[in-house]
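Colleague: Could you walk me through one part of this model in some detail? I'd like to follow a strand and its partners, and then visit the ligand.

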Amino acid sequence: MTSSTETKNSHHRQIRSFVLRTGRQTAAQRRALDELWPNFGLNIDNQTIDLATQFGRAAPIVMEIGFGNGENIAAMAMAAPEKSFLGIEVHEPGVGHCLLQIEQHNISNLRLIRHDAVEVLETSIANGSLDRVNLFFPDPWHKKRHNKRRIVQRNFMRLLAQKLRVGGIFHVVTDWPNYAEHIAEVMSNSPEFIALPEAPQDRTITRFDTRGSKLGHSNWERAWCTRSKLPITP
Ligand SMILES: C[S@@+](CC[C@H](N)C(=O)[O-])C[C@H]1O[C@@H](n2cnc3c(N)ncnc32)[C@H](O)[C@@H]1O
């Protein structure tokens, strides 16, 4: 079992959507990682995670990829106790911060994974098991030579389409216009998904909303759901 981002599978995918930042960790975050991880953290070991067992019940699963400090996923988990929330993040201080919120608010329907979300989806999540996948302010990789590191790519959408249930939702927001154009193009080439007329209105404002507004960016927020049947394409 390992919770490290460097697994024996690392060689499968060379291009990652993140660079591990060393970022300062507070003593409280360290304590949370030591004491709370056994109850709220899921270690991955390349076996499919039995989510119903981990949450102690069968309930719709909402995954958030790259939850940062966890403000949004903690707030969403508190607002929807009937759902189970699974947060994935590689940045350890962020995971520690989120664990502290779980403790402070006594949140029982949230579990965390500290690992590359793409590998987690590939190795540990059963097909058709997710109700919704949220991707809020993914790293923009705005320099042209870095665009290939953006998490939203055609292969990633194929993978999400497998993991979401039929009618499951993919909700994304970015404040980078060029990433928005890229996502729109990938989605227009992803026949497994149908665009929804509007995105769900249940996310919490995070510091990335604020940072975007300071940069003069406005948010581009969209959602799609998976089709019941693939359209026939030539
Ligand atoms: C720009 S931040 C946004 C954080 C958060 N969603 C918010 O709105 O506050 C993007 C986050 O995604 C995480 N991330 C990027 N690629 C990831 C991956 N493949 N797996 C897990 N986390 C990832 C980064 O570590 C970073 O914390």
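Which residue in β5 stands opposite Val133?

Modeller: Happy to! Please keep in mind that this is a predicted model. The residue you are after is Phe170, which stands opposite Val133. Between β4 and β5, the chain passes through helix α7, residues 154-163, and this β-α-β crossover is right-handed. The pair you asked about belongs to a parallel arrangement: β4, residues 130-136, and β5, residues 164-174, are joined over six bridges.

β5 has another partner as well. It pairs with β7, residues 220-226, also over six bridges, but here in the antiparallel sense. To find this pairing on your screen, look for Thr174, which stands opposite Trp220 in β7.

Now to the ligand, which sits in the largest pocket. Around it are 17 residues, and the closest are Ser17, Gly66, Glu89, Ala117 and Phe136. Phe136 takes us back to β4, since that strand covers residues 130-136. A polar backbone atom of Phe136 lies 2.7 Å from a nitrogen atom of the ligand. Gly66 also offers a polar backbone atom, at 2.8 Å from a ligand nitrogen. With Arg21 the side chain is involved: one of its polar atoms is 3.3 Å from an oxygen atom of the ligand. As for how much of the ligand is covered, it exposes 590 Å² when taken alone, and the protein buries 94% of that.

If you want a route for your own viewing, start at Val133 and Phe170, go on to Thr174 and Trp220, and finish with the ligand in its pocket.

Note on methods. Residues are numbered from 1 along each chain as its sequence is written. This is a predicted model: local features need pLDDT of at least 70, side-chain atom pairs count only at pLDDT 80 or more; totals for chains, interfaces and linings use all residues. Side-chain values use heavy atoms; hydrogens and water are left out. Two strands pair if DSSP finds at least two bridges between them. Helices (H or I, at least four residues) and strands (E, at least two) are DSSP runs, numbered from the N terminus. A crossover is right-handed if, with the strands pointing away from the viewer, the path from the first strand over the helix to the second runs clockwise. A residue is near a molecule or strand if one of its heavy atoms lies within 4 Å of it. A polar contact is a pair of N or O atoms within 3.5 Å; within protein, one must be able to donate a hydrogen and the other to accept it, and residues adjacent in sequence count only if both atoms are side-chain atoms. Accessible areas come from the Shrake-Rupley method with a 1.4 Å probe; for residues, only the protein chains shown count as cover. On a 1 Å grid over the protein atoms alone, a cavity is a set of points where a 1.4 Å probe fits but cannot get out, and a pocket is an open set with protein on both sides within 12 Å along at least five of seven lines; lining residues have an atom within 4 Å of a point. A molecule sits in a cavity or pocket if more than half of its atoms lie within 2 Å of its grid points.
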